[in-house]
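Thanks for making room for me this morning. I would like to walk you through one chain, beginning with its overall form and ending with two single residues.

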Amino acid sequence: MTTHATLIVGAGFAGLGTAIRLRQAGIEDFVILERAGEVGGTWRDNTYPGAACDIPSLLYSFSFAQNPDWSRTYSGGAEILGYIRAMVERFGLRDRIRLRTEVTGLAFDEAAGTWTATTAGGGEFTARTAVMAAGPLANASLPDIRGRDSYTGHMIHSARWDHGHDLTGKRVAVIGTGASAVQIVPELVGRAASVKVFQRTPGWVLPRLDRRTPAWSRALFRRSPAAQTAARQAWFWGHESMALGLVWDTVFTTAVAKAARLHLRRQVRDPWLRRQLTPHFRPGCKRMLMTSDYYPALQRDDCKLITWPIVSLSPAGVRTADGIEHEVDCIVFATGFDVGKTGTPFPIRGVGGRPLAEQWARGAQAYKSVNVAGHPNLFFTFGPNSGPGHNSALVYMESQIDYAVRAIRLILDRDLLALEVTRAAQERFNRRIQRRLARTTWNSGCTSWYLTDDGHNATMYPGFATQYARQLARLDLADYRVISRQTEEVTT
Ligand SMILES: Cc1cc2nc3c(=O)[nH]c(=O)nc-3n(C[C@H](O)[C@H](O)[C@H](O)COP(=O)(O)OP(=O)(O)OC[C@H]3O[C@@H](n4cnc5c(N)ncnc54)[C@H](O)[C@@H]3O)c2cc1C
(Lines give C-alpha, C1' and ligand atoms only; values in the text may rest on other atoms or scores of the structure.)
Protein backbone atom coordinates (compact mmCIF):
# COMPACT_ATOMS: atom_id res chain seq x y z
CA MET A 1 0.00 0.00 0.00
CA THR A 2 1.21 3.53 -0.81
CA THR A 3 2.28 5.63 2.13
CA HIS A 4 1.36 9.22 1.37
CA ALA A 5 3.07 12.23 2.89
CA THR A 6 -0.27 13.49 4.26
CA LEU A 7 -3.86 12.37 4.48
CA ILE A 8 -6.55 14.94 5.06
CA VAL A 9 -9.99 14.08 6.45
CA GLY A 10 -12.67 16.37 4.97
CA ALA A 11 -13.01 18.49 1.83
CA GLY A 12 -14.51 21.63 3.32
CA PHE A 13 -12.71 24.95 3.62
CA ALA A 14 -10.13 23.52 6.05
CA GLY A 15 -9.28 20.35 4.12
CA LEU A 16 -9.00 22.13 0.79
CA GLY A 17 -7.09 25.05 2.32
CA THR A 18 -4.60 22.58 3.80
CA ALA A 19 -4.19 20.92 0.41
CA ILE A 20 -3.50 24.26 -1.28
CA ARG A 21 -0.92 25.30 1.31
CA LEU A 22 0.77 21.86 1.19
CA ARG A 23 1.09 22.28 -2.53
CA GLN A 24 2.46 25.79 -2.16
CA ALA A 25 5.03 24.36 0.30
CA GLY A 26 6.11 21.83 -2.33
CA ILE A 27 4.32 18.82 -0.81
CA GLU A 28 2.43 17.08 -3.58
CA ASP A 29 1.82 13.62 -2.17
CA PHE A 30 -1.43 14.04 -0.25
CA VAL A 31 -4.90 12.58 -0.41
CA ILE A 32 -8.18 14.14 0.76
CA LEU A 33 -10.86 11.77 2.07
CA GLU A 34 -14.41 13.14 1.92
CA ARG A 35 -17.50 11.24 3.01
CA ALA A 36 -19.94 13.17 0.80
CA GLY A 37 -20.32 13.04 -2.96
CA GLU A 38 -19.03 16.61 -3.42
CA VAL A 39 -16.63 19.09 -1.83
CA GLY A 40 -17.79 22.12 0.13
CA GLY A 41 -18.52 21.01 3.71
CA THR A 42 -20.81 23.46 5.49
CA TRP A 43 -21.72 25.20 2.25
CA ARG A 44 -22.59 22.00 0.44
CA ASP A 45 -24.79 20.89 3.36
CA ASN A 46 -26.43 24.15 4.47
CA THR A 47 -28.56 25.07 1.48
CA TYR A 48 -31.55 26.32 3.45
CA PRO A 49 -33.34 29.40 2.08
CA GLY A 50 -31.42 32.52 3.06
CA ALA A 51 -28.15 30.71 3.88
CA ALA A 52 -25.34 33.27 3.84
CA CYS A 53 -22.20 34.13 5.76
CA ASP A 54 -22.41 36.67 8.58
CA ILE A 55 -18.79 37.76 8.25
CA PRO A 56 -18.18 39.86 5.11
CA SER A 57 -17.09 37.74 2.14
CA LEU A 58 -13.87 39.71 1.71
CA LEU A 59 -12.86 38.30 5.11
CA TYR A 60 -14.78 35.03 4.91
CA SER A 61 -12.50 33.70 2.17
CA PHE A 62 -8.85 32.70 2.04
CA SER A 63 -6.21 35.43 1.86
CA PHE A 64 -4.25 33.10 -0.47
CA ALA A 65 -7.22 32.59 -2.79
CA GLN A 66 -8.90 35.98 -3.03
CA ASN A 67 -12.02 36.43 -5.08
CA PRO A 68 -12.56 39.94 -6.49
CA ASP A 69 -16.07 39.09 -7.69
CA TRP A 70 -18.12 38.65 -4.51
CA SER A 71 -21.58 39.88 -5.47
CA ARG A 72 -22.56 41.14 -2.01
CA THR A 73 -21.00 42.19 1.27
CA TYR A 74 -22.30 38.96 2.81
CA SER A 75 -22.55 36.43 0.00
CA GLY A 76 -25.13 33.70 -0.12
CA GLY A 77 -24.38 30.02 0.40
CA ALA A 78 -24.52 29.12 -3.30
CA GLU A 79 -21.91 31.74 -4.14
CA ILE A 80 -19.63 30.56 -1.32
CA LEU A 81 -19.98 26.97 -2.54
CA GLY A 82 -19.12 28.20 -6.05
CA TYR A 83 -15.97 29.83 -4.63
CA ILE A 84 -14.96 26.57 -2.93
CA ARG A 85 -15.54 24.54 -6.10
CA ALA A 86 -13.58 27.07 -8.15
CA MET A 87 -10.66 26.71 -5.71
CA VAL A 88 -10.58 22.97 -6.40
CA GLU A 89 -10.15 23.67 -10.12
CA ARG A 90 -7.86 26.69 -9.70
CA PHE A 91 -5.39 24.72 -7.55
CA GLY A 92 -5.85 21.42 -9.42
CA LEU A 93 -7.01 19.44 -6.41
CA ARG A 94 -9.68 17.27 -8.03
CA ASP A 95 -7.51 14.18 -8.57
CA ARG A 96 -6.39 14.21 -4.93
CA ILE A 97 -9.93 14.02 -3.54
CA ARG A 98 -11.59 10.69 -2.79
CA LEU A 99 -15.32 11.39 -2.61
CA ARG A 100 -17.80 9.06 -0.87
CA THR A 101 -14.97 7.94 1.37
CA GLU A 102 -16.06 8.16 4.98
CA VAL A 103 -13.29 7.77 7.51
CA THR A 104 -14.39 5.46 10.33
CA GLY A 105 -11.14 5.29 12.25
CA LEU A 106 -7.64 6.69 12.42
CA ALA A 107 -4.78 4.77 14.07
CA PHE A 108 -1.08 5.49 14.61
CA ASP A 109 1.57 2.87 13.97
CA GLU A 110 4.45 3.73 16.30
CA ALA A 111 7.04 1.53 14.60
CA ALA A 112 6.33 2.93 11.14
CA GLY A 113 5.46 6.47 12.25
CA THR A 114 2.34 6.46 10.09
CA TRP A 115 -1.39 7.09 10.40
CA THR A 116 -3.86 4.71 8.78
CA ALA A 117 -7.40 5.81 8.04
CA THR A 118 -9.97 3.05 7.68
CA THR A 119 -13.03 3.88 5.63
CA ALA A 120 -16.66 2.82 5.62
CA GLY A 121 -16.13 0.95 2.34
CA GLY A 122 -13.41 -1.17 3.95
CA GLY A 123 -10.54 0.78 2.34
CA GLU A 124 -7.35 1.94 4.04
CA PHE A 125 -5.17 5.00 3.45
CA THR A 126 -1.79 5.39 5.11
CA ALA A 127 0.31 8.52 5.45
CA ARG A 128 3.21 9.85 7.50
CA THR A 129 1.10 12.74 8.72
CA ALA A 130 -2.63 13.35 9.06
CA VAL A 131 -4.80 16.45 9.18
CA MET A 132 -8.24 16.32 10.77
CA ALA A 133 -10.49 18.72 8.86
CA ALA A 134 -13.78 16.98 9.52
CA GLY A 135 -15.47 20.25 10.51
CA PRO A 136 -16.61 21.74 13.82
CA LEU A 137 -20.22 21.96 12.62
CA ALA A 138 -20.54 19.05 10.21
CA ASN A 139 -23.03 16.83 12.02
CA ALA A 140 -26.59 18.09 12.26
CA SER A 141 -28.25 17.69 15.63
CA LEU A 142 -31.93 17.01 16.26
CA PRO A 143 -33.20 17.92 19.73
CA ASP A 144 -34.35 15.10 21.95
CA ILE A 145 -38.01 16.18 22.06
CA ARG A 146 -40.55 13.71 23.45
CA GLY A 147 -42.81 12.24 20.76
CA ARG A 148 -40.51 13.19 17.90
CA ASP A 149 -41.18 9.94 16.09
CA SER A 150 -44.95 10.32 16.46
CA TYR A 151 -45.14 13.45 14.28
CA THR A 152 -46.72 12.55 10.94
CA GLY A 153 -45.91 15.74 9.00
CA HIS A 154 -42.66 16.54 7.23
CA MET A 155 -39.45 17.28 9.17
CA ILE A 156 -36.45 19.16 7.78
CA HIS A 157 -33.15 19.99 9.45
CA SER A 158 -31.68 23.33 8.37
CA ALA A 159 -28.36 21.64 7.54
CA ARG A 160 -30.00 19.04 5.29
CA TRP A 161 -32.64 21.10 3.51
CA ASP A 162 -35.18 19.07 1.56
CA HIS A 163 -35.50 21.01 -1.70
CA GLY A 164 -37.96 18.44 -3.00
CA HIS A 165 -40.49 19.53 -0.40
CA ASP A 166 -42.29 22.74 -1.36
CA LEU A 167 -43.34 24.82 1.65
CA THR A 168 -45.51 27.19 -0.37
CA GLY A 169 -48.88 27.53 1.29
CA LYS A 170 -47.94 25.19 4.16
CA ARG A 171 -48.17 25.72 7.90
CA VAL A 172 -44.60 25.63 9.11
CA ALA A 173 -43.00 25.47 12.56
CA VAL A 174 -39.40 26.61 12.98
CA ILE A 175 -37.73 25.28 16.12
CA GLY A 176 -34.73 27.31 17.22
CA THR A 177 -33.82 30.98 16.95
CA GLY A 178 -30.07 30.83 16.34
CA ALA A 179 -27.92 31.90 13.41
CA SER A 180 -29.60 29.61 10.85
CA ALA A 181 -33.17 30.28 12.03
CA VAL A 182 -32.85 34.06 11.70
CA GLN A 183 -31.85 33.56 8.06
CA ILE A 184 -34.57 30.99 7.33
CA VAL A 185 -37.60 32.71 8.91
CA PRO A 186 -37.61 35.82 6.65
CA GLU A 187 -37.45 33.52 3.60
CA LEU A 188 -40.38 31.37 4.71
CA VAL A 189 -42.68 34.16 5.83
CA GLY A 190 -44.81 35.22 2.89
CA ARG A 191 -44.28 31.92 1.09
CA ALA A 192 -45.68 29.55 3.71
CA ALA A 193 -49.32 29.93 4.79
CA SER A 194 -48.11 30.54 8.34
CA VAL A 195 -44.86 30.34 10.26
CA LYS A 196 -44.62 29.68 14.00
CA VAL A 197 -41.21 30.31 15.49
CA PHE A 198 -40.49 28.41 18.70
CA GLN A 199 -37.98 30.28 20.82
CA ARG A 200 -36.21 28.97 23.91
CA THR A 201 -33.77 31.84 24.43
CA PRO A 202 -33.68 35.07 22.42
CA GLY A 203 -30.28 36.10 21.08
CA TRP A 204 -28.66 39.53 20.71
CA VAL A 205 -29.24 40.85 17.19
CA LEU A 206 -27.22 43.47 15.33
CA PRO A 207 -28.21 44.79 11.90
CA ARG A 208 -26.49 43.20 8.90
CA LEU A 209 -25.55 45.94 6.48
CA ASP A 210 -25.62 43.83 3.35
CA ARG A 211 -25.09 45.58 0.01
CA ARG A 212 -24.70 44.55 -3.60
CA THR A 213 -21.03 45.02 -4.51
CA PRO A 214 -20.72 47.99 -6.87
CA ALA A 215 -19.20 47.23 -10.28
CA TRP A 216 -16.37 49.75 -9.71
CA SER A 217 -15.14 47.95 -6.61
CA ARG A 218 -15.11 44.58 -8.38
CA ALA A 219 -13.18 46.15 -11.26
CA LEU A 220 -10.76 47.72 -8.77
CA PHE A 221 -10.18 44.42 -6.93
CA ARG A 222 -9.64 42.61 -10.22
CA ARG A 223 -7.01 45.15 -11.23
CA SER A 224 -5.42 45.55 -7.83
CA PRO A 225 -5.25 42.60 -5.41
CA ALA A 226 -3.46 44.98 -3.03
CA ALA A 227 -6.62 47.12 -2.84
CA GLN A 228 -8.63 44.01 -2.01
CA THR A 229 -6.11 43.03 0.67
CA ALA A 230 -6.45 46.52 2.15
CA ALA A 231 -10.26 46.21 2.21
CA ARG A 232 -9.94 42.77 3.82
CA GLN A 233 -7.61 44.24 6.45
CA ALA A 234 -10.11 47.00 7.20
CA TRP A 235 -12.84 44.40 7.83
CA PHE A 236 -10.38 42.33 9.88
CA TRP A 237 -9.53 45.17 12.24
CA GLY A 238 -13.18 46.20 12.48
CA HIS A 239 -14.05 42.69 13.65
CA GLU A 240 -10.96 42.43 15.80
CA SER A 241 -12.09 45.46 17.77
CA MET A 242 -15.41 43.70 18.42
CA ALA A 243 -13.53 41.27 20.68
CA LEU A 244 -13.40 44.03 23.28
CA GLY A 245 -17.17 43.85 23.58
CA LEU A 246 -17.84 40.19 22.81
CA VAL A 247 -15.01 38.14 24.29
CA TRP A 248 -14.79 40.00 27.61
CA ASP A 249 -17.47 41.77 29.58
CA THR A 250 -16.42 45.42 29.34
CA VAL A 251 -17.91 48.86 28.73
CA PHE A 252 -17.88 47.87 25.06
CA THR A 253 -20.20 44.96 25.89
CA THR A 254 -22.61 47.49 27.31
CA ALA A 255 -22.25 49.50 24.09
CA VAL A 256 -23.02 46.38 22.01
CA ALA A 257 -26.09 45.72 24.20
CA LYS A 258 -27.22 49.34 23.69
CA ALA A 259 -26.78 49.08 19.91
CA ALA A 260 -28.72 45.80 19.83
CA ARG A 261 -31.51 47.26 22.04
CA LEU A 262 -31.73 50.26 19.72
CA HIS A 263 -32.00 47.93 16.72
CA LEU A 264 -34.78 46.03 18.52
CA ARG A 265 -36.62 49.25 19.45
CA ARG A 266 -36.35 50.57 15.90
CA GLN A 267 -37.64 47.39 14.32
CA VAL A 268 -40.21 46.22 16.89
CA ARG A 269 -42.99 48.59 18.02
CA ASP A 270 -44.89 46.22 20.33
CA PRO A 271 -43.36 46.45 23.86
CA TRP A 272 -44.50 42.92 24.78
CA LEU A 273 -42.84 41.39 21.72
CA ARG A 274 -39.75 43.49 22.46
CA ARG A 275 -39.67 42.03 25.94
CA GLN A 276 -39.94 38.51 24.58
CA LEU A 277 -37.05 39.22 22.23
CA THR A 278 -34.76 40.79 24.83
CA PRO A 279 -31.94 38.46 25.94
CA HIS A 280 -31.13 37.91 29.62
CA PHE A 281 -27.41 37.40 29.18
CA ARG A 282 -24.50 39.58 28.20
CA PRO A 283 -23.79 39.99 24.46
CA GLY A 284 -21.10 37.58 23.29
CA CYS A 285 -22.05 34.84 25.77
CA LYS A 286 -23.89 33.13 22.91
CA ARG A 287 -23.23 33.70 19.22
CA MET A 288 -24.26 37.21 18.05
CA LEU A 289 -26.97 37.21 15.39
CA MET A 290 -26.51 39.47 12.38
CA THR A 291 -29.77 40.23 10.59
CA SER A 292 -31.92 43.14 9.53
CA ASP A 293 -34.79 40.96 8.25
CA TYR A 294 -35.66 38.74 11.19
CA TYR A 295 -37.63 41.15 13.42
CA PRO A 296 -39.71 42.52 10.50
CA ALA A 297 -40.55 38.94 9.43
CA LEU A 298 -41.64 38.01 12.96
CA GLN A 299 -44.16 40.86 12.98
CA ARG A 300 -45.96 39.88 9.82
CA ASP A 301 -49.54 38.68 10.27
CA ASP A 302 -48.67 35.22 9.03
CA CYS A 303 -45.82 34.77 11.54
CA LYS A 304 -45.98 34.19 15.29
CA LEU A 305 -43.32 33.94 17.96
CA ILE A 306 -44.03 31.22 20.53
CA THR A 307 -42.09 31.45 23.76
CA TRP A 308 -43.82 28.72 25.75
CA PRO A 309 -41.46 25.76 26.15
CA ILE A 310 -42.06 22.80 23.84
CA VAL A 311 -43.35 19.80 25.79
CA SER A 312 -43.54 17.25 23.00
CA LEU A 313 -44.30 16.66 19.36
CA SER A 314 -47.68 15.13 18.61
CA PRO A 315 -48.84 13.43 15.40
CA ALA A 316 -50.24 16.80 14.27
CA GLY A 317 -47.59 19.24 15.42
CA VAL A 318 -45.96 20.83 18.45
CA ARG A 319 -47.34 20.85 22.01
CA THR A 320 -46.26 23.65 24.29
CA ALA A 321 -46.35 24.01 28.08
CA ASP A 322 -49.48 26.23 27.94
CA GLY A 323 -51.41 23.17 26.75
CA ILE A 324 -51.78 24.32 23.12
CA GLU A 325 -51.20 21.94 20.24
CA HIS A 326 -49.84 23.86 17.24
CA GLU A 327 -50.89 21.94 14.16
CA VAL A 328 -48.36 22.26 11.34
CA ASP A 329 -47.57 20.58 8.03
CA CYS A 330 -43.82 20.79 8.40
CA ILE A 331 -41.31 21.27 11.21
CA VAL A 332 -38.00 22.93 10.42
CA PHE A 333 -35.31 22.11 12.99
CA ALA A 334 -32.86 24.99 13.08
CA THR A 335 -31.28 23.36 16.08
CA GLY A 336 -27.61 23.36 15.21
CA PHE A 337 -24.95 20.72 15.34
CA ASP A 338 -23.30 18.05 17.45
CA VAL A 339 -20.23 20.01 18.39
CA GLY A 340 -17.23 17.93 19.42
CA LYS A 341 -16.70 19.18 22.97
CA THR A 342 -16.00 15.68 24.25
CA GLY A 343 -14.93 12.60 22.35
CA THR A 344 -13.96 12.42 18.68
CA PRO A 345 -16.13 12.04 15.54
CA PHE A 346 -14.70 8.55 14.98
CA PRO A 347 -12.17 6.47 16.94
CA ILE A 348 -8.68 7.98 16.87
CA ARG A 349 -5.97 5.79 18.40
CA GLY A 350 -2.58 7.27 19.09
CA VAL A 351 0.51 5.89 20.83
CA GLY A 352 -0.27 2.61 22.61
CA GLY A 353 -3.60 2.34 20.77
CA ARG A 354 -5.38 4.38 23.43
CA PRO A 355 -8.55 6.06 22.12
CA LEU A 356 -8.36 9.84 22.15
CA ALA A 357 -12.05 9.86 23.11
CA GLU A 358 -11.01 8.51 26.55
CA GLN A 359 -8.62 11.43 27.05
CA TRP A 360 -11.30 13.85 25.94
CA ALA A 361 -14.23 12.28 27.79
CA ARG A 362 -14.61 15.23 30.18
CA GLY A 363 -13.71 17.91 27.65
CA ALA A 364 -11.37 18.06 24.69
CA GLN A 365 -8.01 19.74 25.05
CA ALA A 366 -5.00 20.23 22.83
CA TYR A 367 -1.81 22.22 22.51
CA LYS A 368 -2.46 25.49 20.63
CA SER A 369 -5.66 23.73 19.47
CA VAL A 370 -3.66 21.84 16.83
CA ASN A 371 -1.65 19.00 18.46
CA VAL A 372 -2.49 16.44 21.13
CA ALA A 373 0.00 14.56 23.33
CA GLY A 374 0.16 10.86 22.47
CA HIS A 375 -0.83 11.64 18.86
CA PRO A 376 2.33 12.40 16.92
CA ASN A 377 2.20 13.76 13.35
CA LEU A 378 -1.52 14.51 13.68
CA PHE A 379 -2.91 18.03 13.25
CA PHE A 380 -6.37 19.35 14.00
CA THR A 381 -8.13 22.20 12.29
CA PHE A 382 -10.76 23.67 14.58
CA GLY A 383 -9.41 21.58 17.41
CA PRO A 384 -10.18 22.38 21.05
CA ASN A 385 -10.37 26.08 21.98
CA SER A 386 -9.92 27.45 18.49
CA GLY A 387 -13.38 28.96 18.00
CA PRO A 388 -13.76 32.64 17.15
CA GLY A 389 -16.54 34.70 18.70
CA HIS A 390 -15.94 37.93 16.84
CA ASN A 391 -13.88 37.34 13.69
CA SER A 392 -13.79 35.16 10.58
CA ALA A 393 -13.35 31.43 11.16
CA LEU A 394 -11.16 31.42 8.07
CA VAL A 395 -8.61 33.72 9.66
CA TYR A 396 -8.19 31.20 12.49
CA MET A 397 -8.19 28.35 10.00
CA GLU A 398 -5.35 29.86 7.98
CA SER A 399 -3.16 30.00 11.11
CA GLN A 400 -3.94 26.36 11.92
CA ILE A 401 -3.24 25.25 8.37
CA ASP A 402 0.06 27.12 8.11
CA TYR A 403 1.19 25.72 11.46
CA ALA A 404 0.38 22.16 10.35
CA VAL A 405 2.07 22.61 6.98
CA ARG A 406 5.22 23.97 8.63
CA ALA A 407 5.33 20.95 10.95
CA ILE A 408 4.64 18.51 8.12
CA ARG A 409 7.44 20.10 6.09
CA LEU A 410 9.77 19.56 9.08
CA ILE A 411 8.70 15.90 9.49
CA LEU A 412 9.40 15.19 5.84
CA ASP A 413 12.60 17.24 5.53
CA ARG A 414 14.18 15.80 8.68
CA ASP A 415 12.73 12.37 8.02
CA LEU A 416 11.13 12.22 11.46
CA LEU A 417 9.37 9.18 12.83
CA ALA A 418 7.37 11.31 15.20
CA LEU A 419 6.78 14.91 16.13
CA GLU A 420 4.76 14.78 19.33
CA VAL A 421 3.80 17.58 21.66
CA THR A 422 4.76 16.79 25.26
CA ARG A 423 2.06 16.27 27.85
CA ALA A 424 3.70 18.90 30.07
CA ALA A 425 3.51 21.52 27.29
CA GLN A 426 -0.11 20.66 26.57
CA GLU A 427 -1.09 20.88 30.22
CA ARG A 428 0.76 24.15 30.70
CA PHE A 429 -0.98 25.57 27.65
CA ASN A 430 -4.41 24.46 28.86
CA ARG A 431 -4.00 25.78 32.38
CA ARG A 432 -3.36 29.17 30.81
CA ILE A 433 -6.29 28.85 28.39
CA GLN A 434 -8.75 27.85 31.11
CA ARG A 435 -7.51 30.68 33.38
CA ARG A 436 -8.10 33.14 30.55
CA LEU A 437 -11.47 31.59 29.66
CA ALA A 438 -12.69 32.18 33.21
CA ARG A 439 -12.59 35.91 32.48
CA THR A 440 -14.59 35.73 29.22
CA THR A 441 -18.29 36.31 28.58
CA TRP A 442 -18.73 32.66 27.42
CA ASN A 443 -18.03 31.50 30.97
CA SER A 444 -20.19 34.22 32.54
CA GLY A 445 -23.21 32.05 33.27
CA CYS A 446 -25.34 31.53 30.15
CA THR A 447 -25.70 28.07 28.67
CA SER A 448 -24.47 27.73 25.09
CA TRP A 449 -23.13 25.15 22.69
CA TYR A 450 -19.67 26.40 23.57
CA LEU A 451 -19.76 24.63 26.97
CA THR A 452 -20.00 21.00 28.08
CA ASP A 453 -22.84 20.08 30.45
CA ASP A 454 -20.54 20.65 33.42
CA GLY A 455 -19.44 24.05 32.13
CA HIS A 456 -16.06 23.19 30.58
CA ASN A 457 -15.25 25.41 27.61
CA ALA A 458 -13.52 23.23 25.03
CA THR A 459 -14.50 25.27 22.00
CA MET A 460 -13.60 28.97 22.14
CA TYR A 461 -10.29 30.81 22.02
CA PRO A 462 -10.17 33.46 24.76
CA GLY A 463 -8.53 36.32 22.94
CA PHE A 464 -8.01 38.30 19.78
CA ALA A 465 -7.53 36.58 16.41
CA THR A 466 -4.18 38.37 16.30
CA GLN A 467 -3.09 36.63 19.52
CA TYR A 468 -4.28 33.29 18.20
CA ALA A 469 -2.31 33.78 14.98
CA ARG A 470 0.78 34.94 16.86
CA GLN A 471 0.96 31.78 19.01
CA LEU A 472 0.70 29.66 15.86
CA ALA A 473 3.23 31.69 13.90
CA ARG A 474 6.05 29.80 15.63
CA LEU A 475 6.69 26.07 15.89
CA ASP A 476 8.41 25.83 19.27
CA LEU A 477 10.28 22.53 19.17
CA ALA A 478 11.07 22.76 22.89
CA ASP A 479 7.44 21.75 23.45
CA TYR A 480 7.78 18.59 21.30
CA ARG A 481 9.41 15.19 21.36
CA VAL A 482 11.21 15.00 18.06
CA ILE A 483 12.11 11.44 17.12
CA SER A 484 14.13 10.69 14.03
CA ARG A 485 13.63 7.54 11.93
CA GLN A 486 16.92 6.21 13.30
CA THR A 487 15.06 6.17 16.69
CA GLU A 488 17.56 8.49 18.28
CA GLU A 489 15.85 11.38 19.97
CA VAL A 490 16.81 14.68 18.42
CA THR A 491 17.66 17.25 21.04
CA THR A 492 15.86 20.52 20.47
C1 LIG B 1 -24.57 27.55 8.37
C2 LIG B 1 -23.21 27.99 8.79
C3 LIG B 1 -22.79 29.28 8.52
C4 LIG B 1 -21.52 29.69 8.90
N5 LIG B 1 -21.17 30.98 8.65
C6 LIG B 1 -19.99 31.42 9.07
C7 LIG B 1 -19.62 32.79 8.86
O8 LIG B 1 -20.37 33.58 8.30
N9 LIG B 1 -18.43 33.21 9.34
C10 LIG B 1 -17.57 32.36 9.99
O11 LIG B 1 -16.50 32.79 10.38
N12 LIG B 1 -17.88 31.06 10.18
C13 LIG B 1 -19.06 30.57 9.75
N14 LIG B 1 -19.38 29.25 9.96
C15 LIG B 1 -18.41 28.38 10.65
C16 LIG B 1 -17.29 27.82 9.72
O17 LIG B 1 -16.70 28.84 8.98
C18 LIG B 1 -17.79 26.80 8.75
O19 LIG B 1 -18.39 25.74 9.44
C20 LIG B 1 -16.66 26.25 7.85
O21 LIG B 1 -17.25 25.71 6.71
C22 LIG B 1 -15.80 25.22 8.53
O23 LIG B 1 -14.98 24.59 7.57
P24 LIG B 1 -14.37 23.16 7.82
O25 LIG B 1 -13.67 22.76 6.58
O26 LIG B 1 -13.61 23.16 9.08
O27 LIG B 1 -15.62 22.22 8.09
P28 LIG B 1 -16.83 21.75 7.06
O29 LIG B 1 -17.10 22.85 6.15
O30 LIG B 1 -17.85 21.24 7.95
O31 LIG B 1 -16.10 20.58 6.27
C32 LIG B 1 -15.82 19.35 6.87
C33 LIG B 1 -15.88 18.25 5.80
O34 LIG B 1 -15.47 17.02 6.38
C35 LIG B 1 -16.32 16.00 5.91
N36 LIG B 1 -16.30 14.92 6.90
C37 LIG B 1 -16.80 14.94 8.17
N38 LIG B 1 -16.60 13.75 8.75
C39 LIG B 1 -15.96 12.96 7.85
C40 LIG B 1 -15.50 11.63 7.87
N41 LIG B 1 -15.65 10.86 8.93
N42 LIG B 1 -14.90 11.14 6.77
C43 LIG B 1 -14.71 11.91 5.66
N44 LIG B 1 -15.15 13.20 5.58
C45 LIG B 1 -15.75 13.70 6.66
C46 LIG B 1 -17.67 16.66 5.81
O47 LIG B 1 -18.52 15.96 4.93
C48 LIG B 1 -17.27 18.03 5.26
O49 LIG B 1 -17.26 18.06 3.86
C50 LIG B 1 -20.64 28.80 9.58
C51 LIG B 1 -21.07 27.52 9.86
C52 LIG B 1 -22.34 27.10 9.48
C53 LIG B 1 -22.77 25.71 9.82
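I will start with how the model should be read, and then go from the whole chain to its cores and to two chosen positions.

This is a predicted model, in which local features need pLDDT of at least 70 and side-chain atom pairs count only at pLDDT 80 or more, while totals for chains, interfaces and linings use all residues. Residues are numbered from 1 along each chain as its sequence is written, and side-chain values use heavy atoms, with hydrogens and water left out.

The secondary structure of the chain comes to 13 helices and 20 strands, where helices (H or I, at least four residues) and strands (E, at least two) are DSSP runs numbered from the N terminus. The radius of gyration is 23 Å, close to the 23 Å that the globule rule gives for 492 residues, so the chain is as compact as a globular protein of that length; the radius is taken over C-alpha atoms, and the rule is 2.2 Å times the number of residues to the power 0.38. Along its principal axes, the C-alpha trace spans about 75 × 55 × 45 Å.

Of the 492 residues, 54% count as buried, a word that here means under 20% relative accessible area, with exposed meaning over 50% and partly exposed in between (1.4 Å probe, protein chains only).

Turning to the interior, the largest nonpolar core has 74 residues, and F13, L16, F62, L93 and L419 touch the most other members. Helix α11 (residues 393-413) gives the largest share of this core, 12 residues. By nonpolar core I mean a set of buried Ala, Val, Leu, Ile, Met, Phe, Trp, Tyr and Cys residues joined through side-chain atoms within 4.5 Å. A second, separate core of 31 residues includes A181, V182, I184 and L305.

Now for the two positions: is N430 buried or exposed? N430, which sits in helix α12 (residues 423-437), is buried, with a relative accessible area of 6%. Leaving aside neighbours within four places in sequence, N430 is in contact (heavy atoms within 4.5 Å) with Q365, A366 and N385.

R90, by contrast, is exposed, with a relative accessible area of 51%, and lies in helix α3 (residues 77-90). With neighbours within four places again left aside, R90 is in contact with F64, A65 and Q66, whereas the C-alpha atoms of R90 and M242, 152 residues apart along the chain, are separated by 34 Å.
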